[in-house]
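Please open the model in a viewer and keep the selection panel at hand. The tour below proceeds from one selection to the next.

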Amino acid sequence: MMGLTPRQKQIAKIVRGNGPITGQKIAEQLNVTRAALRSDLAILVMSGIIDARPKVGYFFIGRSTLGLLAEEVSDILVSDIQSTPVVISNTESAYNAIIRMFVEDVGSVYVVDDNNYLAGVVSRKDLLKLAANNNGDMKAIPVVMAMTPLSKMIVAFPETTVSQAARKVIDNQIDSLPVVKCVYTQDKTMNYEVVGRITKTNFTRLFVDIAEGKEVGHHKQ
């Protein structure tokens, strides 16, 4: 969806405050000709922000630019904006987790078991707390000693909407979510395979892209 231009936003504001109003009256308020507004008015009508009736004029129909933005975001999935996950084996040390975190420039690392299934997550805060309690000697300490186990984690799925994922991040006061898909073993035990991660940075980049009129995710097709 293309973002509205400053003039289109101004037109919508005029119609909202003064509608019904003729195109000529709108043009007079903006100090332009009626012909100059023809394309802007057409875009606003097609966007569902305003409508027009013969001999009546233009009137606001209740769909604000904020509402249009909400509709755009609600159609975007986590799989459209997720980043590559950074993982570490549960057999490695807490020290290795620190190195991985700094090399990849991430705030958390996902811990996986021998089958590559999600087992937990370790954050910078977890590692600092562990270092403080063990005199800083991290090479001999397994990463599992620092991680938050899977049973206490919040996850997202590729088909989760961006708005749902953002709500999880806000409500649980966390910085990121692992994006997982369900994998069932022969005994029908469900496990999570990590296929991505979604962070506050992903959300910020998404809104910047929308504000700049860039296409996102499946909209690139």
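Two strands are said to pair if DSSP finds at least two bridges between them. Helices (H or I, at least four residues) and strands (E, at least two) are DSSP runs, numbered from the N terminus. The model is predicted: local features need pLDDT of at least 70, side-chain atom pairs count only at pLDDT 80 or more, and totals for chains, interfaces and linings use all residues. Residues are numbered from 1 along each chain as its sequence is written, and side-chain values use heavy atoms, with hydrogens and water left out.

**The whole chain.** Display the entire protein, which has nine helices and eight strands. Of its 221 residues, 37% count as buried, that is, under 20% relative accessible area (1.4 Å probe, protein chains only).

**The sheet.** Select S3, S4, S5 and S6: these four strands form an open sheet in the order S3-S4-S5-S6, with mixed pairing. Its edge strands are S3 (87–89) and S6 (148–149), each of which pairs on one side only. Now restrict the view to S5 (residues 118–123) and S6, which pair in the antiparallel sense over two bridges. Which residue in S6 is the bridge partner of Gly-120? Pro-149 is that partner.

**From the sheet to H7.** Add H7, which lies across S5 and S6 and runs at about 75° to S5. Axes are lines fitted to C-alpha atoms, for helices over the stretch in contact, and angles run from 0 to 180 degrees between N-to-C directions.

**H6 against H7.** Next select H6 (residues 94–104) together with H7 (residues 124–133); the two pack at an angle of about 140°, with their axes 11 Å apart. H6 is therefore oblique to H7, since angles under 35 degrees count as roughly parallel, over 145 as roughly antiparallel, 65 to 115 as roughly perpendicular and the rest as oblique. Show side chains: Ala-94, Ala-97, Ile-98 and Met-101 in H6 meet Arg-124, Leu-127 and Leu-130 in H7, contact meaning heavy atoms within 4.5 Å.

**H1 against H3.** Finally, select H1 (residues 6–18) and H3 (residues 38–46), which pack at an angle of about 70° with their axes 10 Å apart. This angle makes H1 roughly perpendicular to H3. To inspect the contact, highlight Arg-7, Gln-8, Ile-11 and Ala-12 of H1 and Asp-40, Leu-41, Ile-43 and Leu-44 of H3.

Technical notes. Buried < 20%, exposed > 50% of the residue type's maximum accessible area, 1.4 Å probe, protein only.
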